[in-house]
Amino acid sequence: WGMMVFGIGALMVAAAFFPWLRFSTMLFSMIEKAFMVYLYVSNIDHEWSAAYIGASVVDTIIVSYSVLYFISVHGRPRRWIQALLP
């Protein structure tokens, strides 16, 4: 888990200097956060899951924002998509 957090942080710093990394960083972050929400929802019937409700709400908001960002015009700049294509 710590490596994912470090990886996203490192990608965010790098994306400040290399704009073509922004799409990949957002995608990686959204997938990681969606997985964390999935883990919470799949274990909601356990008594210890109540301790993670706050983190799950924040992760759900981040995933929702990411999806809305990718749908928007700002989330699909041509130069980012062209950078991904060979």
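Okay, one bit of housekeeping first: when I say helix, I mean a DSSP run of H or I with at least four residues, and a strand is a run of E with at least two, all numbered from the N terminus. With that in hand, Met 30, which I'll come back to, is found in helix α2. And please keep in mind that what's on the screen is a predicted model.

So, the overall picture. The protein chain has four helices and zero strands, so if you read the elements off from the N terminus under that definition, you get α-α-α-α. We've got 86 residues in the protein chain, and buried ones make up 23% of them. The accessible surface comes to about 6400 Å², with 75% of that belonging to carbon and sulfur atoms. As for contacts, take those in the protein chain with a separation of 6 or more: residues 24 or more positions apart account for 51% of them.

Let's walk along α2, which covers residues 22-42. How far does α2 reach from its first C-alpha to its last? With 21 residues, α2 reaches 30 Å, close to the 30 Å expected at 1.5 Å a residue. Its buried residues are Phe 23, Thr 25, Ser 29, Met 30, Glu 32, Val 37 and Tyr 40. So that list has Thr, Ser and Glu in it alongside Phe, Met, Val and Tyr, going by the under 20% cut-off for buried.

Now, the core. Which residues make up the largest nonpolar core? There are five in all: Phe 23, Met 30, Val 63, Tyr 69 and Phe 70. The elements giving two or more residues to this core are α2 and α3, and α3 gives the most, with three.

Met 30 is a good place to stand and look around. With a relative accessible area of 16%, Met 30 is buried, because the cut-off for that is under 20%. Leaving out residues up to four places away in sequence, Met 30 touches Val 63, Ser 66, Val 67 and Phe 70. Two of those names, Val 63 and Phe 70, you just heard in the core list. Check the backbone too: Met 30 and Ser 66 are 36 residues apart along the chain, yet their C-alpha atoms are separated by 6.2 Å. Tyr 65, found in helix α3, is 35 residues from Met 30 in sequence, and there the C-alpha to C-alpha distance is 9.1 Å.

Tyr 65, by the way: buried or exposed? Exposed, with a relative accessible area of 54%. Still, Tyr 65 has ring company, since ring pairs link Phe 23, Tyr 65, Tyr 69 and Phe 70 into a cluster. Phe 23, Tyr 69 and Phe 70 from that cluster also sit in the nonpolar core.

Staying with rings for a second, the structure holds five aromatic pairs. One of them is Phe 35 with Tyr 38, a tilted pair at 6.2 Å centre to centre, with 35° between the planes. Why do those two come up together? Being three residues apart in helix α2, they are separated by about one helical turn. In terms of cover, Phe 35 is partly exposed at 43% relative accessible area, while Tyr 38 counts as exposed at 52%.

Next, charges. How many salt bridges does the count come to? One. That's Asp 59 with Lys 33, and the closest N and O atoms are 3.2 Å apart. The pair links distant parts of the chain: Asp 59 in helix α3, residues 53-71, and Lys 33 in helix α2, 26 residues apart. Asp 59 has 10% relative accessibility, so it counts as buried. Besides Lys 33, Asp 59 touches Met 36 and Val 37, again not counting residues up to four places away in sequence. Val 37, remember, is on the buried list for α2.

Last stop, the N-terminal end. Ala 14 has its place in helix α1, residues 2-17. Its relative accessible area is 22%, so Ala 14 is partly exposed. Across to α2, Ala 14 and Thr 25 are 11 residues apart in sequence and 9.3 Å apart in space, C-alpha to C-alpha, and Thr 25 is one of the buried residues of α2.

That's my tour; over to you.

Methods
Residues are numbered from 1 along each chain as its sequence is written. This is a predicted model: local features need pLDDT of at least 70, side-chain atom pairs count only at pLDDT 80 or more; totals for chains, interfaces and linings use all residues. Side-chain values use heavy atoms; hydrogens and water are left out. A salt bridge is a side-chain nitrogen of Lys or Arg within 4 Å of a carboxyl oxygen of Asp or Glu. Buried means under 20% relative accessible area, exposed over 50%, partly exposed in between (1.4 Å probe, protein chains only). A nonpolar core is a set of buried Ala, Val, Leu, Ile, Met, Phe, Trp, Tyr and Cys residues joined through side-chain atoms within 4.5 Å. Rings of Phe, Tyr and Trp (its six-membered ring) pair if their centres lie within 6.5 Å; planes under 30 degrees apart count as stacked, over 60 as edge-to-face and the rest as tilted. Contact means heavy atoms within 4.5 Å. Accessible areas come from the Shrake-Rupley method with a 1.4 Å probe; for residues, only the protein chains shown count as cover. The expected span of a helix is 1.5 Å times one less than its number of residues.
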